Amino acid sequence: MTKAKTKKSARLDGIYNTRCSCIDAIILNTAPYAQAFPNIQLSFSDIQNTQVISEIFPPEIWKNDALKKLDKMPSNTPIQISLEMKDPGAHVPNYQIHFLE
């Protein structure tokens, strides 16, 4: 099982001059063994819980330089990640992170 603790922020992308939603998360493999790094799905929904935008991030995208050296996600080791995608707007206050195989 993998858990996540998250924080949302927004910034202006200097290259494309568009707003981005940035999700910083700490994920933890709670299994007693190392396992494959998951694909991570980030979804935003409106206040009626209707999904507005969703994106899947493979490990190659979100793994930092130190993690790129590892083949498997270590057990009970907090891992900080950052995910960025186009900001869905102020009318979309909810987000979810799902771990996919």
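How many of the seven residues of β3 are buried? Six of them are, and the strand is mostly covered. The views below come from a predicted model.

**View 1. Strand β3 pairs with β6 and with β4.**
β3 spans residues 39-45. With β6, the pairing is antiparallel and runs over seven bridges. Ser43 stands opposite Gln96 of β6. With β4, the pairing is again antiparallel. Here the bridges number six. Ser45 faces Gln51 of β4 as its opposite residue. In a regular strand, side chains alternate between the two faces of the sheet. β3 is mostly covered, with six of seven residues buried.

**View 2. The β3-β4 hairpin carries a positive phi at Asn49.**
β3 and β4 form a hairpin, and five residues lie between them. β4 covers residues 51-57. Asn49 sits in the loop that joins the two strands. Its phi is positive, about 65°, although Asn49 is not a glycine. Is Asn49 buried or exposed? Asn49 counts as exposed because its relative accessibility is 57%, and the cut-off for exposed is over 50%.

**View 3. Asp46 is a buried residue of the β3-β4 loop.**
Asp46 is also placed in the loop between β3 and β4. Its relative accessible area is 16%, so Asp46 is buried. The cut-off for buried is under 20%. Which residues does Asp46 touch, not counting those up to four places away in sequence? They are Val52, His91, Val92, Pro93 and Asn94.

**View 4. Phe44 of β3 meets Tyr95 of β6.**
The model holds two aromatic pairs. In one, the rings of Phe37 and Trp62 have centres 5.8 Å apart and planes at 70°, so that pair is edge-to-face; View 5 returns to these two residues. In this view, the ring centres of Phe44 and Tyr95 are 5.9 Å apart. Their planes are at 45°, so the pair is tilted. Phe44 lies in strand β3 and Tyr95 in strand β6 (residues 94-100), so the pair ties together parts that are 51 residues apart in sequence. Phe44 counts as buried because its relative accessibility is 0%. Tyr95 is at 25% and therefore counts as partly exposed.

**View 5. Phe37 and Trp62 link a loop to helix α1.**
What kind of pair do the rings of Phe37 and Trp62 make? The pair is edge-to-face because the planes are at 70°, and the cut-off for that class is over 60 degrees. Phe37 belongs to the loop between β2 and β3, and Trp62 to helix α1 (residues 59-62), so the pair ties together parts that are 25 residues apart in sequence. Both residues are buried. Trp62 has further contacts beyond its neighbours within four places in sequence. Among them are Ile27, Pro38, Ile40, Phe57 and Leu67. Ile81 and Leu83 are also in contact with Trp62.

**View 6. The largest nonpolar core has 17 residues.**
Which residues have the most contacts inside this core? They are Leu42, Trp62, Ile79, Ile81 and Leu83. The elements that give two or more residues to the core are β2, β3 and β5 (79-86). β5 gives the most, with four residues. Trp62 is in contact with Ile81 and Leu83, which are also on the list of residues with the most core contacts.

**View 7. Asn29 of strand β2 makes polar contacts.**
Asn29 is in strand β2, which runs over residues 18-29. Its relative accessibility is 0%, so Asn29 counts as buried. What does its side chain meet? One polar contact goes to the side chain of Gln35, at 2.6 Å. A polar atom of the Asn29 side chain also lies 3.0 Å from the backbone oxygen of Tyr33. Thr77 is 48 residues away from Asn29 in sequence. In space, their C-alpha atoms are 6.8 Å apart.

**View 8. Asn76 is an exposed loop residue with positive phi.**
Asn76 lies in the loop between α2 (65-68) and β5. Its phi is near 50°, a positive value in a residue other than glycine. Asn76 has a relative accessible area of 52%, so this residue is exposed.

Technical notes:
Residues are numbered from 1 along each chain as its sequence is written. This is a predicted model: local features need pLDDT of at least 70, side-chain atom pairs count only at pLDDT 80 or more; totals for chains, interfaces and linings use all residues. Side-chain values use heavy atoms; hydrogens and water are left out. Buried means under 20% relative accessible area, exposed over 50%, partly exposed in between (1.4 Å probe, protein chains only). A polar contact is a pair of N or O atoms within 3.5 Å; within protein, one must be able to donate a hydrogen and the other to accept it, and residues adjacent in sequence count only if both atoms are side-chain atoms. Contact means heavy atoms within 4.5 Å. A nonpolar core is a set of buried Ala, Val, Leu, Ile, Met, Phe, Trp, Tyr and Cys residues joined through side-chain atoms within 4.5 Å. Rings of Phe, Tyr and Trp (its six-membered ring) pair if their centres lie within 6.5 Å; planes under 30 degrees apart count as stacked, over 60 as edge-to-face and the rest as tilted. Two strands pair if DSSP finds at least two bridges between them.
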